[in-house]
Amino acid sequence: MNQTIKSTTAVALALGILCGPAWADMEAAKEFLDAEIKDMSALTRAEQEAEMQWFIDAAEPFKGMAIKVVSETITTHEYESQVLAPAFEAITGIKVTHDLIGEGDVVEKLQTQMQSGENIYDAYVNDSDLIGTHWRYQQVRNLTDFMANEGADVTNPGLDLDDFIGLQFTTAPDGKLYQLPDQQFANLYWFRNDWFTDPEIMAEFKEKYGYDLGVPVNWSAYEDIAEFFTGREIDGVEVYGSMDYGKKDPSLGWRYTDAWMSMAGMGDKGEPNGLPVDEWGIRVNENSQPVGACMARGGAANSPAAVYAVEKAVEWLNKYSPPSAMGMTFSEAGPVPGQGNIAQQMFMYTTFVAPLVDSPAVMNEDGTPKWRLAPSPHGVYWEEGMKVGYQDVGSWTLMKSTPEDRAKAAWLYAQFVTSKTVDVKKSHVGLTFIRESSIQHESFTDRAPKLGGLVEFYRSPDRVRWSPTGTNVPDYPKLAQLWWQNIGDAMSGAKTAQEALDSLCSDMERVMERLERAGIQGDLGPVMNDEKDAAEWLAMEGAPKPAIEMEREEPQTVAYDDLVASWQ
């Protein structure tokens, strides 16, 4: 467990916050602020106390109520469950059971509640990747209307929505906010800066490849660097030039839907997501209605760029990653770079930075990292104006099937754990930024040298080019499960990349055809294009794109310091 969580939990126990009786008063709030928050807040102490008093007053009608919420198991949510939930109970009198389960399980519970109408949880932290699902099915409370109407009396006047950095990802085409960001992290390129700046290694690389070792701008350079480091012994350790994972498991799908295809250049230009074809290869019409995923209907999920993306991933996994990586899941592979034998990783979910900084194998004795974070390189089909990576935005979501009083109590908790009072401290624990005020806090200026470029990235104007799954995806739970099942066949060698992607896009279209026939999403649901020769679509501008004869472009790298300077 993260050391910060253990220490803060111990403080809370010492003060009786976790084990004392549940009463709602300012004494409990002051104990919490003294023990846990101190000056780690965007608010002054007087402002913190005023915000806590608002929570006490707003929670009065719900005192004694017990609610249940759920999120995936990452450091940020462990902190909420183990420290913030007990503090909220002591301050407001509302008991919160904050369950931590796998991300796939969160989606499954949410889907079950959508289908059955049974109130399984009073609030969910689920990815904004479901924004297209929530908007089309209209089974979640749209927060814009909720805050203005029945939830007005439990909406914090200090919530300050403008301070959240990810609201564009949780806002649907109708302009309504459907989810409130709770934690946010990007996929960034990770590399061993100490090795990349070693004069002997740099000279050897330049001699072999004819250009400077540095942050790869494109996939050709990444491939050269992976080849160069694999099998090399550094400080008595055998090194691998890349890290990934390949087990046929639900998390394998995230590896591709989380913008791998976009990084390869499969979709169209557009931010936060490509239009009319997104990073899932799904095309929509001018009314945001899905019309196809296969090339025959104008989609790109089985296009040459998609095949290139999968083939490169499989090749690099087999050639340049540890042999065990093929049998690993997302959660198993994430900590591996912290073991000290990986030279680079195409993209690392920055949620793994929190445990990474606790790993002596990749940290210097003075607390500075031996590694750095940078933008991920892009593939040969990528064009300027396309998104360059994925950003996860786990967000509070209130189902319409949740009774109003329980939804209100859960909304209070959601606002508490994202409040300006606690967010700076929570950001230090989990390193999953959601507020501009936290990113700019002086404590992160002080800590930035120990986080390998993470703070600089989130303070840069470039961060908006990393975005979650967009609104083209009409039913995330149903469609997401098709990815890992089909691409798993390509990873194992059971099918070629083309065969696996042909199957994937066909499976996605069958789901969308069923949605169209059922009419369950009304005017927002799929209206499938008629099939025609894929060559007609390939001849048009944009995605799907025709095959590029030479898929290995001229390798290009950039010095890390120059890259960071460009963000200033």
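**Exercise 1. Decide whether strand S3 is enclosed or open, and find its partners.**

Solution. Begin with burial: in strand S3 (residues 123–127), 5 of the 5 residues are buried, so this strand is largely enclosed by the rest of the structure. Here buried means under 20% relative accessible area, exposed means over 50%, and partly exposed lies in between, with a 1.4 Å probe and protein chains only. Strands (E, at least two residues) and helices (H or I, at least four) are DSSP runs, numbered from the N terminus.

Before going further, note that this is a predicted model, in which local features need pLDDT of at least 70 and side-chain atom pairs count only at pLDDT 80 or more, while totals for chains, interfaces and linings use all residues. Residues are numbered from 1 along each chain as its sequence is written, and side-chain values use heavy atoms, with hydrogens and water left out.

Next, turn to pairing, which requires that DSSP finds at least two bridges between two strands. Strand S1 (residues 66–72) pairs with S3 in the parallel sense over 2 bridges, and Val69 has Ala123 in S3 as its bridge partner. Strand S12 (residues 391–397) is joined to S3 by 4 bridges and runs antiparallel to it, with Thr397 in S12 as the bridge partner of Tyr124.

**Exercise 2. Locate the disulfide and describe its two ends.**

Solution. Start with the search, which takes a disulfide to be a pair of cysteine sulfur atoms within 2.5 Å and finds 1 in the whole structure. The disulfide is formed by Cys294 and Cys505, whose sulfur atoms are 2.0 Å apart. Then place the ends: Cys294 is in the loop between strand S9 (290–292) and helix H13 (304–320), Cys505 is in helix H22 (residues 497–518), and the pair, 211 residues apart, links distant parts of the chain. The link of Cys294 and Cys505 is right-handed, with 100° about the S-S bond. Finally, check burial: Cys294 is buried at 8% relative accessible area, and Cys505 is buried at 1%.

**Exercise 3. Describe the cavities and what lines them.**

Solution. A cavity is a set of points, on a 1 Å grid over the protein atoms alone, where a 1.4 Å probe fits but cannot get out, and its lining residues have an atom within 4 Å of a point. Grid points are joined across faces, edges and corners, and a volume is the space filled by probe spheres set on the points.

By this test the structure holds 5 cavities of 30 Å³ or more, and the largest has a volume of about 140 Å³. Of the 13 residues that line the largest cavity, Asp244, Tyr245, Gln345, Phe347 and Tyr349 are the closest to its centre. Strand S10 gives the most to this lining, with 5 residues.

For the classes, Ala, Val, Leu, Ile, Met, Phe, Trp, Tyr, Cys and Pro count as nonpolar, Asp, Glu, Lys and Arg as charged, and the others, Gly among them, as polar. The lining of the largest cavity then has 9 nonpolar, 2 polar and 2 charged residues.

The second largest cavity holds about 60 Å³ of space, and its lining divides into 6 nonpolar, no polar and 6 charged residues. Among the residues that line this second cavity are Glu72, Asp127, Tyr349 and Asp392.

Definitions and conventions
1 Å grid on protein atoms, 1.4 Å probe; cavity = no way out; pocket = protein on both sides within 12 Å on 5 of 7 lines; lining within 4 Å.
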